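Please open the structure in your viewer, and keep the selection tool at hand. The tour goes from stop to stop, with a selection to make at each one.

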Amino acid sequence: MSTALPSSDSEQSGTINYKDKIMTSSRKIAVVTGASSGIGSVYADRLARRGYDLLLVARRGDRLQNLGTKLEQAYGIKAETLVADLEKDEDLTRLETVLAGNPAIRVLVNNAGIARLNSVAETPVKESLAQIELNITALTRLTHAVLPAFKERNEGIIINIASALALHALPVSSVYSGTKGFVLNFSRGLQQELANTGVRIQMVLPAATATDLWDISGVPLTALPPETVMSVEHLVDAALAGFDQGESVTLPSMADAGLWEKYDTARSDLFAAMQTGNPAPRLLSL
Ligand SMILES: NC(=O)c1ccc[n+]([C@@H]2O[C@H](COP(=O)([O-])OP(=O)(O)OC[C@H]3O[C@@H](n4cnc5c(N)ncnc54)[C@H](OP(=O)(O)O)[C@@H]3O)[C@@H](O)[C@H]2O)c1
């Protein structure tokens, strides 16, 4: 059983089949969704540095290809790319087949995500649904795809990228916060489900990080106070340090780790306080 992210090669080999390509690997494979930019591209770099072969997934194949080639040369690993639009059922199905079929896949970084920051009233419903498809549906389906083999082997790592906005909603973030709230509760439940196994789920809650997400979201990065924005390298390195230290929930920019404990205790107390079976006295009609 191994729940660590190793810094060297592993023993297991496997084969990825997709389209007409075959990827054989003598090392463990880490799959990173949304690897064509931002947080995902730095995860790819750091996992390659730790000795993983990579399967890089996103829509922009040229960027994946360039990154893969660079990482192969830098670290002597093997990087394959899978061009997929994870909002599309057929592309998800293709990736699910790959994930379920290769015993060398040991790490899944569910990173691909989008934010469309605007009021619900002014957002076309298609844009809200796109956030739900990618941030929720894809993450859920890919987790389902790897889990049976991870459980069977009693080994595997899933890193789910949520957001500080999983804990907070703004007038422009109802849908995005809702999707990341899903990632939070989905991951917390999974952690309990898998508590006595060798499968590890880490959830990462980045606050503002300097990536393309902002400009695409409708709120330019330049609109944020610069002192609140973390570099993408700091974000990923801190998240991986949290992983190495055994954190199941990592808030990379939060200095006082005790704050999460307080929050989680209050949440749990609140849940317990609701188990009364009776209307609250203040709500009884007079
Ligand atoms: N940046 C922040 O401040 C921040 C804060 C909290 C959480 N996060 C989370 O961090 C994760 C990564 O975001 P980022 O900040 O690194 O933004 P980013 O640079 O815009 O990266 C997003 C990645 O997702 C991929 N992607 C987008 N739509 C896709 C689709 N339909 N199918 C497949 N891949 C798709 C993009 O690749 P293609 O365009 O090539 O498909 C890209 O690689 C997201 O889950 C985001 O919610 C970011």
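Begin by selecting asparagine 154 in this predicted model, a residue that counts as partly exposed because 14 other C-beta atoms lie within 10 Å. Asparagine 154 belongs to the loop between H4 and E7, and its phi is near 55°, a positive value in a residue other than glycine.

From that loop, step back into helix H4 and select histidine 144, which has its place there. Is histidine 144 buried or exposed? Histidine 144 is exposed, with 12 other C-beta atoms within 10 Å. Now add leucine 99 to the selection: 45 residues separate leucine 99 and histidine 144 along the chain, while their C-alpha atoms are separated by 9.6 Å.

Next, return to the loop and go forward to strand E7, residues 156-161, where six of the six residues are buried, so that the strand is largely enclosed by the rest of the structure. If you colour its two sides separately, you will find Gly156, Ile158 and Asn160 on one side and Ile157, Ile159 and Ile161 on the other, with both faces covered. This pattern follows a general rule, since in a regular strand the side chains alternate between the two faces of the sheet.

Keep E7 in view and add strand E6, residues 105-110, which runs parallel to E7 and is joined to it by four bridges. Valine 107 can serve as a landmark here, for it stands opposite isoleucine 157 in E7. To follow the chain between these two strands, trace it from E6 through helix H4, residues 125-153, to E7, a β-α-β crossover that is right-handed.

Now select strand E8, residues 199-204, which is parallel to E7 and joined to it by six bridges. Within this pair, isoleucine 158 has isoleucine 201 in E8 as its bridge partner. The chain passes from E7 through helix H5, residues 174-193, to E8, and this β-α-β crossover is right-handed.

It is worth showing the whole sheet at this point. Which order do its strands follow? Seven strands form an open sheet in the order E5-E4-E3-E6-E7-E8-E9, with parallel pairing. At the edges stand E5 and strand E9, residues 249-250, each of which has a single partner strand, so one side of each is left without a neighbour in the sheet.

Move along the sheet to strand E4, residues 53-58, and colour it by burial: six of the six residues are buried, so E4 is largely enclosed by the rest of the structure. Asp53, Leu55 and Val57 point one way from this strand, whereas Leu54, Leu56 and Ala58 point the other way.

Two strands to select beside E4 are E3 and E5. Strand E3, residues 29-33, runs parallel to E4 with five bridges joining them, and threonine 33 stands opposite valine 57 in E4. Together, E3, H1 and E4 make a right-handed β-α-β unit. Strand E5, residues 79-83, is likewise parallel to E4 and joined to it by five bridges; the bridge partner of leucine 55 in E5 is glutamate 80. The path from E4 to E5 leads through helix H2, residues 61-75, in a right-handed β-α-β crossover. A further landmark in this pair is alanine 58, which stands opposite valine 83 in E5.

Select the ligand next, together with the residues around it. The ligand is surrounded by 29 residues, the closest of which are Gly34, Gly38, Arg59, Arg60 and Gly113. Helix H1, residues 38-49, and helix H6, residues 213-217, are the elements that give two or more residues to this shell, and the largest share, three residues, comes from H1. Coloured by residue type, the shell divides into 14 nonpolar, ten polar and five charged residues.

For the last stop, colour the protein chain by pLDDT, which averages 93, with 91% of the residues scoring at least 70. Then select residues 7-22, where the pLDDT is below 50, and note that this stretch has 33 contacts in the model beyond near neighbours in sequence.

Note on methods. Residues numbered from 1 in each chain as written. Predicted model: local features only at pLDDT ≥ 70, side-chain atom pairs only at ≥ 80, totals over all residues. Near = placed C-beta within 6 Å. Nonpolar A, V, L, I, M, F, W, Y, C, P; charged D, E, K, R; others polar. pLDDT = per-residue confidence, 0-100. Contact = placed C-beta atoms within 7 Å. Buried ≥ 20, exposed ≤ 12 C-beta atoms within 10 Å, placed from the backbone. Pairing = 2+ DSSP bridges. Right-handed = clockwise from strand over helix to strand, strands pointing away.
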